[in-house]
Amino acid sequence: MINHLCVIGVGLIGGSLALALKKSGYVKQVTGMGRSLENLQKAEELGVIDQYETDYAKAISQADMVFVAVPIGAMPAVFKKIEPHLRKHTIVTDGGSAKHTIIDAASEELGVKVNQFIPGHPIAGTEKSGAEAAFDSLYSDRRVILTPLEENSLEDVKKVRKMWEKAGAEVDEMGARHHDLVLAGTSHLPHVLAFALVDCLNNVDDVDEIFKYAAGGFRDFTRIASSDPVMWRDICVNNSEAILAMMQNYQQDIDNLKKAIQNSDSDELLKIFSNAKKARDTFCM
Ligand code: NAP
């Protein structure tokens with residue numbers, strides 16, 4: 001049971017954790033902390049949090065669990081601000097989508113208190129942002145990846161695992177670098193491609209005509225291009241190596257497809273499309 005949860009960044013990810021834990025009765029009190037008063041007031045009004053603070057010392061002073069759910073680029077400053085006020089038994093965890101640079105920032109800013117930081121990433125989300133986008137079932141039957149540090153105690157890792165399970169998620173553990181590579185392929189590359197496709201079509205001459213006839217396939221493929229640009233800029237900057245490796249693989253596949261189309265190579269096209277369909281039907285159903 002969590003007596004006092006402090007959510008720093010009460011948006012889709014932070015707000016949904018608060019709501020899920022309230023619903024399961026696993027948290028007694030939730031304090032929100034963030035940047036704009038407007039979002040915090042809205043979060044309180046919606047019952048996502050019980051109260052809010054605009055001062056880090058007050059926000060975390062009573063917390064036994066702190067969940068950092070701000071864009072990755074804002075995390076180093078948050079770690080720096082909470083460090084002086086972090087009590088010995090308070091656990092800090094996060095929801096950032098790329099892990100190794102967040103861990104570097106936490107080591108730098110939290111110093112010896114980095115042993116209290118258990119990095120995490122819920123594999124769940126939507127293209128919506130802010131407290132109003134939060135909902136209590138976001139994590140139901142979804143996965144959460146923890147990338148624990150050598151400095152963490154097993155007991156603290158267990159507590160974070162339990163928190164996510166109470167929010168409805170299934171929890172896995174892996175190394176941060178491995179996490180970043182896996183997510184570069186399954187999440188970061190698709191977002192980059194969706195942004196690139198919409199940007200590409202937006203720059204052609206008959207842009208109105210193109211979007212007018214956009215059908216289901218276009219909508220399915222590009223829904224994620226409505227995601228928050230700041231969040232995705234931060235993910236690309238913080239997981240550049242793995243994303244670039246995945247883009248290189250993808251470029252190779254595009255080149256193969258281009259060659260097959262140029263050569264009207266029906267067999268090759270059928271082979272590529274059949275392999276892709278089989279893989280998707282097997283792994284994504
Ligand atoms: P979000 O809905 O935009 O929420 C982010 C929150 O952080 C907002 O409440 C925002 O407050 C606050 N914030 C922004 N900059 C801040 C700063 N400098 N200091 C303090 N608070 C600040 O974003 P989200 O989708 O919940 O994403 C949060 C984190 O979860 C990100 O690290 C992201 O990588 C990760 N994540 C996202 C998804 C997804 O699908 N969205 C999935 C998994 C993980 P204001 O309203 O005042 O700006």
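## The second largest pocket

In this predicted model, the second largest pocket has a volume of about 1,100 Å³. Its lining is made up of 21 residues, and those that lie nearest the centre of the pocket are Pro190, Phe221, Tyr250, Ala276 and Arg280. Four helices give two or more residues each to this lining, namely α7 (176-202), α9 (216-222), α11 (240-262) and α12 (266-283).

Among these contributors, α12 supplies the largest share of the lining, with seven residues. When the lining residues of the second largest pocket are sorted by chemical character, 14 are nonpolar, three are polar and four are charged.

## A stretch annotated in UniProt

An unreviewed UniProt entry lists residues 240-267 under the name "coiled-coil region". In the model, the chain over residues 240-267 is 89% helix and 0% strand, and the C-alpha atoms at the two ends of this stretch are 35 Å apart.

## The six-stranded sheet

Six strands form an open sheet with parallel pairing, and reading across the sheet gives the order β3-β2-β1-β4-β5-β6. The edges are taken by β3 (51-53) and β6 (117-118), and because each of these has a single partner strand, one side of each is left without a neighbour in the sheet. Helix α1 (residues 12-24) packs on this sheet, where it touches β1 (2-8), β2 (27-33) and β4 (65-68), and the direction of α1 makes about 165° with that of β1.

A second helix, α4 (residues 75-82), lies across β1, β4, β5 and β6, and it runs at about 155° to β4. At one edge of the sheet, strand β5 (residues 91-94) pairs with β6 in the parallel sense over two bridges, and within this part of the structure valine 92 stands opposite phenylalanine 117 in β6.

## The three-stranded sheet

A further open sheet is formed by three strands in the order β7-β8-β9, and here the pairing is mixed. Which strands stand at the edges of this sheet? They are β7 (120-123) and β9 (170-173), each of which has a single partner strand, so one side of each is left without a neighbour in the sheet. From one strand to the next, the twist averages 25°.

The pairing of β7 with strand β8 (residues 143-146) is antiparallel, and four bridges join the two strands. Looking at individual residues, one finds that histidine 121 stands opposite isoleucine 145 in β8.

Definitions and conventions:
Residues are numbered from 1 along each chain as its sequence is written. This is a predicted model: local features need pLDDT of at least 70, side-chain atom pairs count only at pLDDT 80 or more; totals for chains, interfaces and linings use all residues. Side-chain values use heavy atoms; hydrogens and water are left out. Two strands pair if DSSP finds at least two bridges between them. Contact means heavy atoms within 4.5 Å. Axes are lines fitted to C-alpha atoms, for helices over the stretch in contact, and angles run from 0 to 180 degrees between N-to-C directions. On a 1 Å grid over the protein atoms alone, a cavity is a set of points where a 1.4 Å probe fits but cannot get out, and a pocket is an open set with protein on both sides within 12 Å along at least five of seven lines; lining residues have an atom within 4 Å of a point. Grid points are joined across faces, edges and corners, and a volume is the space filled by probe spheres set on the points. Ala, Val, Leu, Ile, Met, Phe, Trp, Tyr, Cys and Pro count as nonpolar, Asp, Glu, Lys and Arg as charged, and the others, Gly among them, as polar. UniProt positions are given in the numbering used here, feature names are shortened, and annotations may be inferred rather than shown by experiment.
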